[in-house]
Amino acid sequence: MRNNSVRAIALAAALPLVALTACTTEPSVTQTTGAGTGSPATNGAASSPASKDWFDQSLYDTQNQQRSATFEGDPQKPYLQYIAGPMTDTSKYAAKGAKKVCFANASISNPWRQTGWITMNQQLKVLKSSGVISEMETRDAKDNDNTQIADIDYFIAEGKCDAFVISPNSTAALTQAVERACQTGKPVVVFDRGVETKCPTTFIHPIGGFAWGIDTATFLSDKLKSGDKVVALRILPGVDVLEHRWAAAKKIFAEKGIQAKDYFTGADPTEIKKIISDELATGDVKGVWMDAGDGAVAALEAFEDAGKPLPVMTGEDEMSFLTKWKQTGITAMAPVYSNFQWRTPLLALEKIFKGEQIPTEWVLPQKPILADELDTWLKRNQGMPSGHYAKFGGEDLPGYPQVWQQRQMP
Amino acid sequence: MNRRAGFFQRLSATQIVYLVALATLILGVLLVNSIGRSFFSPGNISSILTGTSVLGFIAIGQTLVILAGSLDLSVPYVTSLASLIAAGVMANNPNNVLFGVLLTLGTAAVIGLAIGLIVARLNVHGFIATLGVGLIISGYLATNFKGSFGETPFAFRLVGATGLGPVPISTIIMLACAGLAMLLLHRTRVGHHLYAVGGDIAVARTSGIRVDVPVITAHVICSVLAGMAGLLLASRLGVGSPTVGSQGGYDLLSIAAVVLGGTLLSGGKGTITGTLGGVLIFAMLDNIMSVMQVNPFLKDVVRGVVIVVAVAVYARRRIVSRPERFAAKGSAETPAAQPVPAEGS
Amino acid sequence: MSTALNSGHSAILKQNRASRSERLLRALRTPGGAIFILLIILLAAIIVLNPSFGEPGSFIRFIGRTAPIAIAAIGQYFVIVGGEFDLSMGSVVTMQVIVAGNLIRQDDAKVIPVLVLMLVLGAFIGLVNGLITTLLQVPSFIVTLGMMLALLGLVLYWTGGAAQGNPADSFRQIGRGGIQNVPVLDIIPYPVLILTAVAVTAFVLMRRPFGRMLIAVGDNPAAAALAGSRVWWVRTRAFMMSSLSATLAGILLVGYAGVHPSVGHGYEFTAITAVVLGGVALGGGRGWVLSAAAGAFALESLFTLLNFMGVQATWRDTVQGGIIIVAVAAASRSWQRKRKGATASAHDDQHQLAPTPTPAEGTEQGGERV
């Protein structure tokens, strides 16, 4: 019934596809390392309890101390500050000429990441014009572990990268891929979430989630009395940077006798409003704790709509929260997850290519915004959209303020 | 009808899919070359084929389910659950690998059986049954697993990381599963009954076919293949994760790949090869867009438009080619030509 | 058939029909009616657990905050009863919310023009969905899936992923405000008024030729086409109504929740769940529009009940999944029983049917029952 010519065309269509599979060059997908990942170095991937307890006393204590630590470097450039500690010797990477950077990004699916991405690209412009970096190729994994692993493998095989910058989507899953990147012998900079291996040249991050939890819970406990009710709004379960925040806060609330109830909101303002309204219907809510600033406005509006007095609140340095804070005059503080950390990886690479020593674990400052600084930060970020983060650290970069005001994505 | 349309009409849906795949390939070669890379380099091919593996397993299963006239929206959660069971049971011990694999696929089969029974016996539409079961599993995962869990041993992780040349082992396993599914559809009684039930369930029933069996079989196989996707992900990630399935959006994407491959959404007509073509098109598109560093938001726009346009291309084609029963010019034999005698008046 | 309602016939009709209470009971036993019973049970359970919920002020606020999803469920009803799916609803809501935020900003003068623009956009998206489904014959599942991906991607690309911020308060009053100082109720939120208007309109619409035609198209498109209806236009209008109700929900949500890219996420599946809970058969042809709205309320009440019962929030999905399977399984058994005649009480011995009048010579009235 079918034409022979039709068959021929279909075969011709299939032939190149078959040719794809016939290529048998040397195996480009190499085996993962045996030793490093076979025996888990840390207990992060421990397989025992299903419902993991995220609280880690030693990490908690370390971060608690780091809250009051002195940072090396110029306070006017917080994205270059670090806590003194072991340094990595990068003299073997020193080389002249512009280099190509390959960036495996977890995603730009929330306003925090979008703000950081814009800042990073402006920083890239500066380094391009000074001849440090020739280009930065980016692959966006859209919050998918499997995709990000493939992205890193692609970079290793095809990218001709002189350096890798990786913002891992999740800690355990990306560990092997990062190790494969380390094996290429090129510098590897990991920032934001970490991985369970010590092979990267440096791991850049602010102090951490436990410090956030301590800062916020201490603030709320100081302003409230024992027995007061606090509603804790959490975005998602299972993300370690977020889980650490709640683990520390929960501990302190329990110690100080604050009744804290936590809910997952998915960062949906509708959900947040419903949760708060329902809580207000059953009793008085004196404080609101958030593990991220998205939707803080909706929470406050729930109080306004119910006609109840506004709570003591901790949000984040997102502009929507800061403006609402100023507008309503509530007692509040804004913890930060230092958005300026998006500048540091490229600046670290600049140092690496010069052969300068850099901290093996680059701990950036994480200073919350308190009431006395609110006006300064609002002024510095005037005209910025509500999803912008005050501590983006890019005031001295080209394009300030238009690029951030208009959220120009590359 | 002009000649071009006539030629087009005679191609089967599967052949059209592969023509579209060829067009995408050519587009890819041109675009990738324009930035100085080769589309056919081992790294690029490996990246494309890796992108076909996980979606491929799920899409094969989805094809069987859609052929039977049902749908499966629970696949992302089954995949996540499978990765957790696999990584949890294996717990970095190579001796547990076989047991882990069997337990994972067994659990997936039981879930598929439950779905199949709900669809076939309780007469619940597949959309709702699998949406419901998916939500049930989702709640269980969210409550009990707060992050990655378990660890797969090195020997098992090799499956996700090695390949024959640029072809990953996982792709080969996936193609083998596709082959088995094709055998099932074209050479076994269950397969033929599947087509019959999907085509018209009432006709199938009155023809004497037990309509429950093909539907339940399709759902069981679909869930088992989703379990295999979970195993593959556990191998690649090294751990199990409760969100790995939903991260990939595999439910809607697999349905899109199946329909793109020429299978009718109402069931009864379609091929596995068409689905594989659809999966390949998606993988190539993703690869091209990543290499060209297209803005991630625009990637979704391209995907959405491609899905609709590609399906529109062959949706209007006559499904069953049947010769005209009545001649275009009225002839004496046609009943319509005879005037109907008016009644009464 | 203008003589059908003359007095003689209506008297016979009254005699042959069951009593009003019997008809009500029969209606409640259908899936579309049972949802109302379920809703009442759920609301009663909540009030038992938390008496302050039953206060008029609290209760009317609950209705107000459920209004967006109920309106979305009504829109989805039109599409599902016509035999299709609309998966793009969530993206339409998000798009409208962001359009409102970015175009109105703080300028009160822009409120009306942007409102009109949003409605036009909503209607346009529905038109595109409908035309591609009917004229290009692409399955609606695929069309709306593609629209969902493309629309969200476009909106996020246009705004760089995040919205500008909440628009002027005058616009937000639609979703947040209400008629103040009402006795007993304390406040009637505007969403409640809008929901009532939409529900009444939908109810009336389903009784008009369009509504009847929509059900006919959903039940058997071939027969409807042969009967002379323009199937493509009926379906397209259903899609337009669905997108417009998503727009309306978006307008309410701007007020209630504010502007954020995650508003409206997953709305289509919640709306489909609500419609299915309301006893509407997937595949079309059966179901009542008010049951769909009741389904939305039942879903919200269920979640509120679980909240007050202290059930961990992560189990919500499981409960939702179980409920919809049970509800649809029960509904399909009920429809099957009806088809087999198990519930027909017309064959009752006690219910004597009056004879029909014999027609006068040369007239069109009456006629023998064959």
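Helix α5 of chain A and helix α3 of chain B are roughly antiparallel to each other, because the angle between them is about 165°, and angles over 145 degrees count as roughly antiparallel. This comes from a predicted model, which scores ipTM 0.87 and pTM 0.87. The points below begin with this pair of helices, and then turn to a second pair, to the contact of two chains and to the domains of one chain.

**Helix α5 of chain A with helix α3 of chain B**
- Two packed helices are described by the angle between their axes and the distance between the axes.
- For α5(A), which covers residues 145-158, and α3(B), which covers residues 42-67, the axes are 9 Å apart, and α5(A) passes α3(B) in a right-handed crossing.
- From α5(A), the residues A:N146, A:A150, A:Y154, A:A157 and A:E158 take part in the contact, and they meet residues of α3(B) that include B:P42, B:G43, B:S46, B:T50 and B:V54.
- Sorted by class, the residues of this contact between α5(A) and α3(B) are five nonpolar, seven polar and one charged.

**Helix α3 of chain B with helix α11 of chain B**
- Helix α3(B) also packs with α11(B), which covers residues 212-237, at an angle of about 175° and with the two axes 8 Å apart.
- The helices α3(B) and α11(B) are therefore roughly antiparallel to each other.
- Among the residues that make this contact are B:V54, B:F57, B:I58 and B:L64 of α3(B), together with B:I221, B:L225, B:M228 and B:L232 of α11(B).
- The contact of α3(B) with α11(B) is made up of 15 nonpolar and four polar residues, with no charged residues.

**Chain C with chain B**
- Chain C gives 36 residues to its contact with chain B, and chain B gives 37 residues.
- On the side of chain C that touches chain B, the elements that give two or more residues are α7 (140-159) and α15 (316-339) of chain C, and α7(C) gives the most, with 13 residues.
- That side of chain C holds 22 nonpolar, 12 polar and two charged residues.
- The mean pLDDT of chain C is 86, while 90% of its residues reach 70 or more.

**Domains of chain A**
- The domain assignment divides chain A into domain 1 (69-207 + 338-367) and domain 2 (209-333), and the C-alpha centres of these two domains lie 32 Å apart.
- Where the two domains of chain A touch, domain 1 gives five residues and domain 2 gives five residues.
- On the side of domain 1 of chain A that touches domain 2, there are two nonpolar, two polar and one charged residue.

Technical notes:
Residues are numbered from 1 along each chain as its sequence is written. Chains are lettered from A and ligands numbered from 1 in the order in which they are written. This is a predicted model: local features need pLDDT of at least 70, side-chain atom pairs count only at pLDDT 80 or more; totals for chains, interfaces and linings use all residues. Axes are lines fitted to C-alpha atoms, for helices over the stretch in contact, and angles run from 0 to 180 degrees between N-to-C directions. Helices (H or I, at least four residues) and strands (E, at least two) are DSSP runs, numbered from the N terminus. A crossing is left-handed if the near helix is turned anticlockwise from the far one by less than a right angle, and right-handed if clockwise. Two residues are in contact if their C-beta atoms, placed from the backbone, lie within 7 Å. Ala, Val, Leu, Ile, Met, Phe, Trp, Tyr, Cys and Pro count as nonpolar, Asp, Glu, Lys and Arg as charged, and the others, Gly among them, as polar. Domain bounds come from an automatic or database domain assignment. pLDDT is the predictor's confidence in each residue, from 0 to 100. Angles under 35 degrees count as roughly parallel, over 145 as roughly antiparallel, 65 to 115 as roughly perpendicular and the rest as oblique.
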